[in-house]
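Colleague: I would be grateful for a close look at one part of this model, the helices and the nonpolar core of the first chain. Please set that part within the whole chain and then follow the account into the second chain.

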Amino acid sequence: MFEKILIANRGEIAVRVIHACRELGLGSVAVYSDVDRQTPHVLLADEAVPLGGASAAESYLNVERLLEAAHRTTAGAVHPGYGFLAENARFAQAVEDAGLVFIGPPASAIEAMGDKTAARERMGAAGVPVIPGSDGPLASIEEALPVAVQVGYPVMLKAAGGGGGKGMRTASNPTELESVFESAVREARQAFGDDRVYLERFLTGPRHIEFQILADALGNTIHLGERECSIQRRHQKLVEESPSPVVDPATRARMGEVAVRAAEAVGYRSAGTVEFLVDEEGFYFLEMNTRVQVEHPVTELIMGIDLVQEQIRIAQGEGILWRPDGTQPAGHAIECRISAEDPLHGFLPSAGRVKGLRIPAGPGVRWDAGIEEGVEVGLHYDPLLAKLIVHARTRDAAIARMRRALGDLRIGGLATTIPFHRAVMEEADFLAGEYSIRYIEEHPGLTRDTVPADWRDALLAAAVLLEEQTRDGHTATADRENGVAKGGLSDWQRAVDPWQRPVPEWTHSPE
Amino acid sequence: MGDDIHEVERTGEGVRIDGRELPVELVHQSDEPGVHLRINDRGYSLLNERSEAGWRIQLGGRYFDISVEDERTHAIRELTGDEDATGSSRDLRAPMPGLVVKILAEPGQRVDAGAGLVVVEAMKMENELKSEGPGVIATVYVEPGQAVNRGDVLVTFESESG
């Protein structure tokens with residue numbers, strides 16, 4: 001079997017896969033674009049091959065270059081990570097055709113789940129509940145309008161070619177539908193090279209709960225419990241936890257059984273995730289992600305499993321090592337996605353050189369990162385920098401641990417989502433476990449500029465003292481002391497802090 | 001601009017902020033970036049860098065821009081009245097680098113607050129930039145397909161009466 005794996009990805013997931021390779025005694029090959037020359041995954045891997053270019057299309061999506069790199073380094077398998085080519089059936093096929101092992105599901109399963117409209121039909125036929133919607137892709141707005149009436153507003157347009165929030169738009173009436181149709185099509189084409197969109201009823205306040213699946217080539221398919229991923233912005237998850245605060249053992253068993261059935265219906269193999277939307281009336285199949293998920297660590301921590309190593313072992317033809325023990329999770333895990341986005345300014349992407357990085361450690365804390373001190377973070381790729389994951393005996397203890405770890409974490413040089421996560425870990429509804437996918441819009445205070453009074457004092461004092469330290473020579477100091485001695489106000493400094501945002505408000509298209 | 005302004009006076013033991021005495025200690029850790037500050041025995045880990053007007057300081061994962069001015073400089077600026085010479089703050093600027101996808105307004109058009117003006121794509125997501133207030137569009141400086149940098153002026157407004 002293969003002894004060396006090429007990782008067709010970058011950032012934290014590439015680092016994660018290299019770690020798995022190393023623990024299994026396998027070689028690792030990193031690939032990189034011109035701008036990623038000095039990033040952690042490149043420096044960590046046994047071997048590294050340049051792909052050239054900066055844009056994703058020139059580098060991490062360049063199938064020809066990736067296969068060349070595998071050939072050159074005699075890698076026997078390719079791990080796609082998530083994003084980029086991970087859910088591209090043609091890539092999976094091209095890898096197999098080149099005589100290499102694709103560490104993931106068969107191309108046929110990717111294709112079956114990748115075409116979202118076909119997947120809906122297939123799931124319906126397999127007895128998996130789906131959200132009411134269009135029977136197939138919609139060619140035009142004229143075709144979409146009557147379907148929307150039939151399904152009932154509000155509706156959501158989705159890209160048939162892929163997930164992850166790209167190409168998704170909601171509309172609560174025909175006028176809105178007309179105005180968002182075009183941009184949904186455009187975004188779908190850009191993100192997936194496939195401009196087909198379809199329509200579903202938009203559930204107003206559901207939870208997003210997904211099940212981790214593992215299937216081997218020997219015919220075993222199991223689930224590893226759920227992840228609660230309702231805290232999302234523009235369909236991008238920000239906080240994930242497992243178990244879900246609302247899933248009891250009976251519900252877990254029932255949903256898990258359906259998730260296994262969904263995977264079996266497409267002949268699934270490797271790790272995958274079946275996503276559901278859950279409301280008071282029931283649960284509906286949303287989609288299946290045919291790859292390892294960003295949030296896989298929360299399952300790993302409560303189930304005591306290494307999902308990436310399982311993926312590799314399954315790809316080597318071995319059976320699932322891990323046996324479900326009644327599928328009951330041990331303890332509670334939470335993940336916060338640390339992204340290069342500024343939550344206080346509409347989650348604007350940020351860029352810069354990482355400095356002053358301080359990584360939390362101590363009991364129950366895990367840090368999966370694609371950054372290190374000095375790394376330049378640009379705007380070419382996904383803004384995810386790292387994931388902070390904690391594990392503790394109870395949900396309350398896990399929240400307290402996350403709060404502590406976020407307090408210890410420091411990333412300088414660019415704005416990150418840390419302030420958002422700190423706010424969530426204090427927010428009453430989150431603490432109570434009562435939230436839906438509308439959590440962020442329902443809690444605008446989480447992204448608002450409020451500054452504790454003692455912070456203000458600390459910042460002002462620091463600015464003035466730093467200013468003093470950098471002043472030239474002794475004269476200024478002497479003058480200042482004289483000024484103070486003479487009675488105060490003759491040498492005060494005035495600190496002006498523009499708490500207000502310096503740029504126009506960055507608002508987003510209606511969803 | 002609605003900025004908070006505070007008078008901070010240096011004392012022997014620390015600072016006086018708006019009349020309140022606060023004992024302060026600033027601790028540098030050799031080569032490590034950032035400083036540790038103690039006010040009334042309470043510790044704060046800060047990352048600091050020079051900015052144009054003073055300091056850019058990170059605390060709790062957030063950045064704060066603090067301009068520091070001594071009394072003399074402040075007095076001169078008050079006299080010359082040089083508050084903000086860099087144009088109208090209502091102009092729409094690119095809040096980040098990106099690619100212009102679509103223009104939603106044209107010169108001479110009257111728009112309401114919140115009206116979409118320009119759609120910019122960044123990190124594969126489309127973002128609609130909206131008007132901060134009501135007004136009349138003077139000039140649109142960009143066109144679809146054009147790459148913009150953070151801070152570039154995209155749209156200007158006609159100045160209102162006066």
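Modeller: The account below goes from the whole of chain A to two of its helices, then to the cores and to the strands of chain B. The model is a predicted one.

Chain A contains 17 helices and 23 strands. Its radius of gyration is 25 Å, close to the 24 Å that the globule rule gives for 511 residues, so chain A is as compact as a globular protein of that length. The C-alpha trace of chain A spans about 85 × 55 × 45 Å along its principal axes. Of the 511 residues in chain A, 53% are buried. Where contacts in chain A link residues at least 6 apart in sequence, 66% of them join residues at least 24 apart.

Helix α1 of chain A covers residues 11-23. From its first C-alpha to its last, this helix of 13 residues reaches 19 Å, close to the 18 Å expected at 1.5 Å a residue. It is mostly covered, with ten of the 13 residues buried. Among these buried residues are Ile13(A), Val15(A), Val17(A) and Ile18(A), and the list also includes Glu12(A) and Arg16(A). Just after α1(A), Gly25(A) adopts a positive phi of about 75 degrees.

Helix α4 of chain A, residues 89-97, has as its buried residues Ala89(A), Phe91(A), Ala92(A) and Val95(A). Viewed down the axis of α4(A), these residues fall within an arc of 165 degrees, so they line one face of the helix. An α-helix has 3.6 residues a turn, so residues three or four places apart point the same way. The elements of chain A against which the buried residues of α4(A) pack are α3 (63-73), β4 (77-79), β5 (101-102) and α5 (107-114). Gly99(A), just after α4(A), has a positive phi of about 85 degrees.

The core comes next. In soluble globular proteins, nonpolar side chains tend to be buried together. The largest nonpolar core here holds 145 residues, and those that touch the most other members are Leu6(A), Phe276(A), Ala461(A), Ala462(A), Ala463(A) and Ile57(B). Helix α16 of chain A, residues 453-470, supplies the largest share of this core, nine residues. If residues up to four places away in sequence are left out, Ala462(A) touches Val35(B), Leu37(B), Leu46(B), Asn48(B) and Ile57(B). Apart from the largest core lies another, of 21 residues, which includes Ala144(A), Ala159(A), Phe181(A) and Tyr198(A).

Chain B can now be followed through its strands. Strand β1 (residues 4-10) and strand β2 (residues 14-17) of chain B run antiparallel and are joined by three bridges. A hairpin through three residues connects β1(B) to β2(B). Val8(B) has Ile17(B) as its bridge partner in β2(B).

Chain B also has an open sheet of four strands in the order β8-β15-β13-β10, with antiparallel pairing. Its edge strands are β8 (92-93) and β10 (110-111) of chain B, each of which pairs on one side only. Two bridges link β10(B) to the antiparallel strand β13 (residues 135-140) of chain B. There, Arg110(B) stands opposite Val136(B) in β13(B).

Conventions: Residues are numbered from 1 along each chain as its sequence is written. Chains are lettered from A and ligands numbered from 1 in the order in which they are written. This is a predicted model: local features need pLDDT of at least 70, side-chain atom pairs count only at pLDDT 80 or more; totals for chains, interfaces and linings use all residues. The radius of gyration is taken over C-alpha atoms; the globule rule is 2.2 Å times the number of residues to the power 0.38. A residue is buried if 20 or more other C-beta atoms lie within 10 Å of its own, exposed if 12 or fewer, and partly exposed in between; C-beta atoms are placed from the backbone. Two residues are in contact if their C-beta atoms, placed from the backbone, lie within 7 Å. Two strands pair if DSSP finds at least two bridges between them. The arc is that of the directions from the helix axis to the C-beta atoms. The expected span of a helix is 1.5 Å times one less than its number of residues. A nonpolar core is a set of buried Ala, Val, Leu, Ile, Met, Phe, Trp, Tyr and Cys residues joined through C-beta atoms within 7 Å.
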